[in-house]
Amino acid sequence: MIATLEHVEILDRAERLGQMILQSEVVEEYNQAKQALQADKVAQQLIRDFINIKDDYDDVQRFGRYHPDYNQIMKNVRSTKRKMDMNDKVASYKIKERQVQNLLDDISECIAGGVSEEIKVPKDGAALSDTGCATGGCGSGGTCSCRAS
């Protein structure tokens with residue numbers, strides 16, 4: 001495909017938009033929260049504990065309630081996740097991550113709306129939510145819980 005001057009201009013503007021996003025206050029706060037999380041030994045240990053317990057959880061999911069340790073493992077997973085989520089650094093990081101996602105959602109919606117009002121755009125951080133689009137796209141008209149608009 002031969003690049004036209006119009007394509008080059010669009011790509012240049014997209015790159016400038018990306019740079020503006022990277023230099024925004026929201027992304028700066030996100031990067032600070034990420035660095036603080038990575039530097040916090042307690043938070044990192046809580047994250048490692050959660051990752052380790054998830055291996056047991058994955059094993060339980062194969063068998064469901066028929067797994068002999070189902071209740072104990074499920075309780076351990078919930079408890080470990082709660083401890084991790086209640087850590088100040090983890091909570092701050094998740095808040096900042098959600099703010100960046102909201103910014104990106106807003107930008108996506110503006111771009112899509114500028115092209116056509118009929119373009120579907122995932123909202124409310126569908127990429128970060130547990131009930132987001134399981135199919136990897138929103139072409140299903142919102143039946144995947146991604147709340148396409």
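Helices here are DSSP runs of type H or I with at least four residues, numbered from the N terminus. The model above is predicted, and the exercises below walk through it step by step.

**Exercise 1. Overall layout**

Work out how many helices and strands the chain has, and in which order its elements run.

Solution.
- Start with the counts: the chain holds five helices and zero strands.
- Next, read from the N terminus, where the order of elements is α-α-α-α-α.
- Then look at the surface: about 10900 Å² of the chain is accessible, and carbon and sulfur atoms account for 53% of that.
- Of the 149 residues, 23% are buried.
- Finally, take the contacts with a separation of 6 or more: 51% of them join residues 24 or more positions apart.

**Exercise 2. A pair in helix 3**

Find the distance between the closest N and O atoms of Asp59 and Arg62, and explain how the two residues are placed along their helix.

Solution.
- The closest N and O atoms of Asp59 and Arg62 are 3.3 Å apart.
- A salt bridge needs a side-chain nitrogen of Lys or Arg within 4 Å of a carboxyl oxygen of Asp or Glu, so this pair qualifies.
- Both residues lie in helix 3 (residues 41-63), and because they are three residues apart, about one helical turn separates them.
- For exposure, Asp59 has a relative accessible area of 29% and is therefore partly exposed.
- Arg62, at 61%, counts as exposed.

**Exercise 3. More salt bridges**

State how many salt bridges the model contains, then examine the ones made by Arg13 and Lys94.

Solution.
- The count comes to six salt bridges.
- Arg13 pairs with Glu9, with 2.9 Å between the closest N and O atoms.
- These two are four residues apart in helix 1 (residues 5-22), so they sit about one helical turn from each other.
- Arg13 is exposed at 53% relative accessibility, while Glu9 is partly exposed at 34%.
- The pair also belongs to a network of salt bridges that links Glu9, Arg13 and Arg16.
- Lys94 meets the side chain of Asp85 in a salt bridge, at 2.7 Å from N to O.
- Here Asp85 is partly exposed, with 24% relative accessible area, and Lys94 is partly exposed at 25%.

**Exercise 4. The nonpolar core**

Identify which residues have the most contacts inside the largest nonpolar core, and which elements supply it.

Solution.
- The largest nonpolar core has 18 residues, and the most contacts inside it belong to Leu37, Phe50, Val60, Val77, Met84 and Val90.
- Two or more residues of this core come from each of helix 2 (25-39), helix 3, helix 4 (70-86) and helix 5.
- Now pick out Met84: leaving aside residues up to four places away in sequence, Met84 touches Leu46, Ile47, Phe50 and Val90.
- For a C-alpha separation, take Val60 and Asn71, which are eleven residues apart along the chain and 9.5 Å apart in space.
- Asn71 lies in helix 4 and is exposed, at 59% relative accessibility.

**Exercise 5. A nonpolar surface patch**

Name the residues that form a nonpolar patch on the surface, and decide whether Ile119 counts as buried, partly exposed or exposed.

Solution.
- The patch consists of Ile111, Val115 and Ile119, which together have about 270 Å² of accessible area.
- Ile119 is found in the segment after helix 5 (88-115).
- Its relative accessibility is 34%, so Ile119 counts as partly exposed.

Key. Residues are numbered from 1 along each chain as its sequence is written. This is a predicted model: local features need pLDDT of at least 70, side-chain atom pairs count only at pLDDT 80 or more; totals for chains, interfaces and linings use all residues. Side-chain values use heavy atoms; hydrogens and water are left out. Patches are made of residues with over 30% relative accessible area and no salt bridge: like charges are joined within 9 Å, nonpolar side chains (Val, Leu, Ile, Met, Phe, Trp, Tyr) within 5 Å. Accessible areas come from the Shrake-Rupley method with a 1.4 Å probe; for residues, only the protein chains shown count as cover. Buried means under 20% relative accessible area, exposed over 50%, partly exposed in between (1.4 Å probe, protein chains only). A nonpolar core is a set of buried Ala, Val, Leu, Ile, Met, Phe, Trp, Tyr and Cys residues joined through side-chain atoms within 4.5 Å. Contact means heavy atoms within 4.5 Å.
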